Amino acid sequence: MDVNRKNHLLTLLAAAQESVVNNVEIPTDFARDFFPPERKEYELTYFDKENQQSVISKTFAAPIQLDRTFGKAGQNEWINKIIFGDNLQVLKTLIEWKKDGLLKNKDGSDGVRVVYIDPPFASKQDFQNKDQKAYSDKLKGVEYLEWLRKRLILLREILADDGNIFVHLDWHKMHYVKVLMDEIFGEANFVNDIVWSYRTGRGGNSEFNKQHDDILFYSKQQKHKFNPQREKSYTKSKNRKPGLTNYGKATTEFFEDAQGVYRWSSMRDVWDIPYINSQSKERVGYPTQKPEALLEIIIGSASDAGDLVLDLFGGSGVTAAVAEKMDRRWITGDVGKLSIYVIQKRILALENYHSFGVYNAGHYDESKMKTFTSHEWKKFAMSLYDVEPSKEIIKGFSFDGVKDGELVKVYSPQDLDTIGGPSTKITEKTLLDIYERVGLSLGPEVFIIAPQGKFGFAVDEYDHDGDWNTLFTILRVPYTLMARFTESFSAIKQANDRESINAVIDAVGFDFIRPPKVEFEIKDNVLSISSFDAESRIKGEYKTHGFDAFSMVLVDNNYDGKIFNFTNFYFNTDFKNYSLYIPELVKGKRIMLIFIDKFGNEFKTDMELK
Ligand SMILES: C[S@@+](CC[C@H](N)C(=O)[O-])C[C@H]1O[C@@H](n2cnc3c(N)ncnc32)[C@H](O)[C@@H]1O
């Protein structure tokens with residue numbers, strides 16, 4: 001760098017610093033001077049684009065809690081996973097699993113071998129952001145890109161070194177996402193823009209029919225897994241017969257099927273695969289369902305049997321189903337409860353499926369915490385509050401982790417029992433003892449985490465009326481979430497009509513499961529709901545009660561008493577005057593109903609139909 005440029009940059013840096021100190025934005029012109037075109041690669045710039053490292057470090061890792069399992073697996077044996085929750089926080093947890101050696105491919109390499117995602121596109125009505133503000137189209141576009149970019153950044157971390165990612169998009173945003181992918185994965189790691197060509201019968205008088213999607217294929221690094229694929233290439237020559245043909249030294253073998261004579265050739269990046277239509281055998285009734293044939297090529301080219309396949313925009317479960325059939329191990333998930341049940345049903349319908357579990361992320365069953373060991377309880381509580389576990393012993397007193405750079409002490413119910421039996425409580429005297437013992441070594445704040453009901457006082461912050469240099473912040477489990485912890489949290493939204501199934505959801509945070517209260521009756525195939533009351537308490541949302549908070553009901557009209565396998569589902573908007581005619585109900589049969597509120601809580605009930 002020459003002296004003039006150095007001095008110029010130093011002047012700009014000083015001016016930039018002054019702007020920031022005075023809460024003024026740095027002039028955008030500075031960017032050109034800091035990164036002149038001859039040095040800078042191109043980039044997609046927009047307001048509020050977060051730095052990649054901070055996306056990784058700031059994202060909250062939601063613990064993943066097992067809800068139910070299917071099939072039999074030996075202890076410590078891998079089971080495939082369907083995870084309910086916003087995938088952003090699931091991805092962060094999977095990064096930790098990878099670090100802990102829990103995500104291994106067949107050859108022992110860490111991370112998942114192949115990722116396929118088919119994110120929803122944010123159309124005007126379905127971008128459900130935290131505050132449900134009305135966004136201008138432009139801002140909505142930027143929000144959408146940043147929403148997706150965060151997930152792509154985390155996905156890159158989860159991939160195995162030789163892994164690949166396939167991002168399914170269409171004309172709406174594909175070109176912007178290509179630029180983002182170049183930034184995240186590196187332009188040199190772009191492998192293909194796959195064109196999935198189909199015929200849907202849509203058409204317009206002022207444009208060419210839009211009849212293809214794009215699938216962006218990137219590898220994590222240049223040396224990557226790829227199993228070459230072949231396709232049939234039909235000859236136009238009428239004289240060609242099946243058998244061997246010599247072209248100079250090379251010999252080509254021709255074959256014949258109903259469409260004509262063909263030879264095998266390397267697969268092109270244009271794939272002609274029919275769209276799932278109302279007659280397709282594989283159709284499961286979930287909108288936006290993609291054909292299995294697409295995933296067969298993707299999974300086949302980018303992984304081997306036993307490898308890990310990941311798709312956290314699971315939808316109808318196409319990736320999991322194909323991965324299962326191709327003997328891969330898989331992790332899928334979705335933020336929609338309907339999708340979770342559709343995937344569960346789809347896998348259960350496969351012959352000899354490997355065992356799998358359905359998990360919750362960000363939405364927990366409090367009663368299951370009672371079965372935890374002390375270590376598990378602490379680990380779970382710390383992850384709820386985003387605490388980095390790290391044992392620290394100061395003057396003989398042990399701390400369990402660090403949050404925002406400050407020490408954290410966790411008391412599990414078992415710890416408290418050992419200290420003085422089941423009635424032991426943390427009192428002001430406990431805090432005083434800690435302060436007297438280690439006060440001088442503490443920072444301005446220290447966090448105490450313990451089960452709700454185990455504190456002998458009600459305040460959430462304690463510093464002995466300002467006498468102490470350290471503020472004790474109390475975090476109860478389940479939780480008393482003070483404003484600062486909940487600010488960025490938002491409730492998961494479940495669809496209450498068909499159009500919103502494929503919504504873009506941004507719902508990071510956690511809550512405990514609180515089944516809605518439902519009163520209903522079934523008479524002559526008519527289900528009438530006389531009262532529906534959602535109990536969720538997520539910030540700002542708990543005011544919504546009543547029928548508005550009812551999302552959908554899933555019906556199993558022939559329940560076997562063990563596995564719920566729904567036969568149909570109905571949305572809030574299908575009801576008229578809180579009543580719905582359900583043709584498939586048959587008197588004398590055992591049925592099961594799952595009512596779901598708009599936060600994803602379920603009320604389950606089964607009965608014999610009279
Ligand atoms: C286009 S669909 C996927 C369809 C799927 N490929 C198939 O073939 O069935 C997109 C899915 O993403 C889910 N989704 C939206 N936001 C999400 C989020 N933040 N976390 C997880 N899933 C999300 C939607 O519920 C929807 O099921």
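This passage walks through the confidence, the cores, the ligand site and some individual residues of a predicted model.

A good place to start is the confidence of the prediction. The chain has a mean pLDDT of 89, and 92% of its residues reach 70 or more. Residues 124–136 call for some care, for the pLDDT there is below 50. Beyond near neighbours in sequence, this stretch has 24 contacts in the model.

Next comes the interior. In soluble globular proteins, nonpolar side chains tend to be buried together. In this model the largest nonpolar core comprises 67 residues, and the most contacts inside it belong to Leu94, Leu152, Ile165, Met181, Leu310 and Ile449. The element that gives the most to this core is helix H5 (residues 137–158), which supplies nine residues. Apart from that core lies another, made up of 38 residues, including Tyr116, Val309, Val322 and Ile340.

Ile449 offers a closer view of such surroundings. With neighbours within four places in sequence left aside, its contacts are Ala381, Tyr385, Val387, Val408, Lys409, Val410, Tyr411, Leu475 and Val477. One of these partners, Ala381, belongs to helix H10 (residues 374–384), where it is buried. Trp377, Lys378, Phe380, Met382, Ser383 and Leu384 are also buried in that helix. After H10 comes Asp386, which has a positive phi near 55°.

The ligand is a natural next stop. There are 23 residues around it, and those that come nearest are Tyr286, Lys290, Ser316, Asp334 and Ile505. Several polar approaches can be traced. A nitrogen atom of the ligand lies 2.7 Å from a polar backbone atom of Ile505, and a ligand nitrogen is 3.3 Å from an N or O atom in the side chain of Asp86. On the oxygen side, a polar side-chain atom of Ser316 is 2.6 Å from an oxygen atom of the ligand. On its own the ligand has 600 Å² of accessible area, and the protein covers 99% of this.

Ser316 also has protein partners to consider. Its place is the loop between strand E13 (308–311) and helix H8 (318–325). Ser316 counts as buried because its relative accessibility is 4%, below the 20% cut-off. Its side chain makes a polar contact of 3.0 Å with the side chain of Arg346. Leaving out residues up to four places away in sequence, Ser316 touches Val284, Tyr286, Gln289, Val342, Ile343 and Arg346. Tyr286 is thus a contact of Ser316 and also one of the residues that come nearest to the ligand.

Two strand residues complete the picture. His363 sits in strand E16 (residues 363–364) and is buried, since its relative accessible area is 4%. The side chains of His363 and Asn601 are joined by a polar contact of 3.1 Å. Beyond residues up to four places away in sequence, His363 touches Gln65, Phe84, Asp511, Phe512, Ile513, Phe599, Gly600 and Asn601. From C-alpha to C-alpha, His363 and Asp307 are 29 Å apart in space, with their positions 56 residues apart in sequence.

Leu169, for its part, lies in strand E5 (residues 159–169). A relative accessibility of 7% is why Leu169 counts as buried. Its contacts, not including neighbours within four places in sequence, are Pro119, Leu148, Met174, Val177, Asp213, Asp214 and Leu216. Leu169 and Val195 are 26 residues apart in sequence, and their C-alpha atoms are 9.9 Å apart in space.

Note on methods:
Residues numbered from 1 in each chain as written. Predicted model: local features only at pLDDT ≥ 70, side-chain atom pairs only at ≥ 80, totals over all residues. Heavy atoms only, no water. Core = buried A, V, L, I, M, F, W, Y, C linked by side-chain atoms within 4.5 Å. Buried < 20%, exposed > 50% of the residue type's maximum accessible area, 1.4 Å probe, protein only. Helix = DSSP H or I, 4+ residues; strand = E, 2+ residues; numbered from the N terminus. Contact = heavy atoms within 4.5 Å. Polar contact = N/O pair within 3.5 Å; in protein donor to acceptor, adjacent residues only side chain to side chain. pLDDT = per-residue confidence, 0-100. Near = heavy atom within 4 Å. Areas by Shrake-Rupley, 256 points an atom, 1.4 Å probe, with all protein chains shown as cover.
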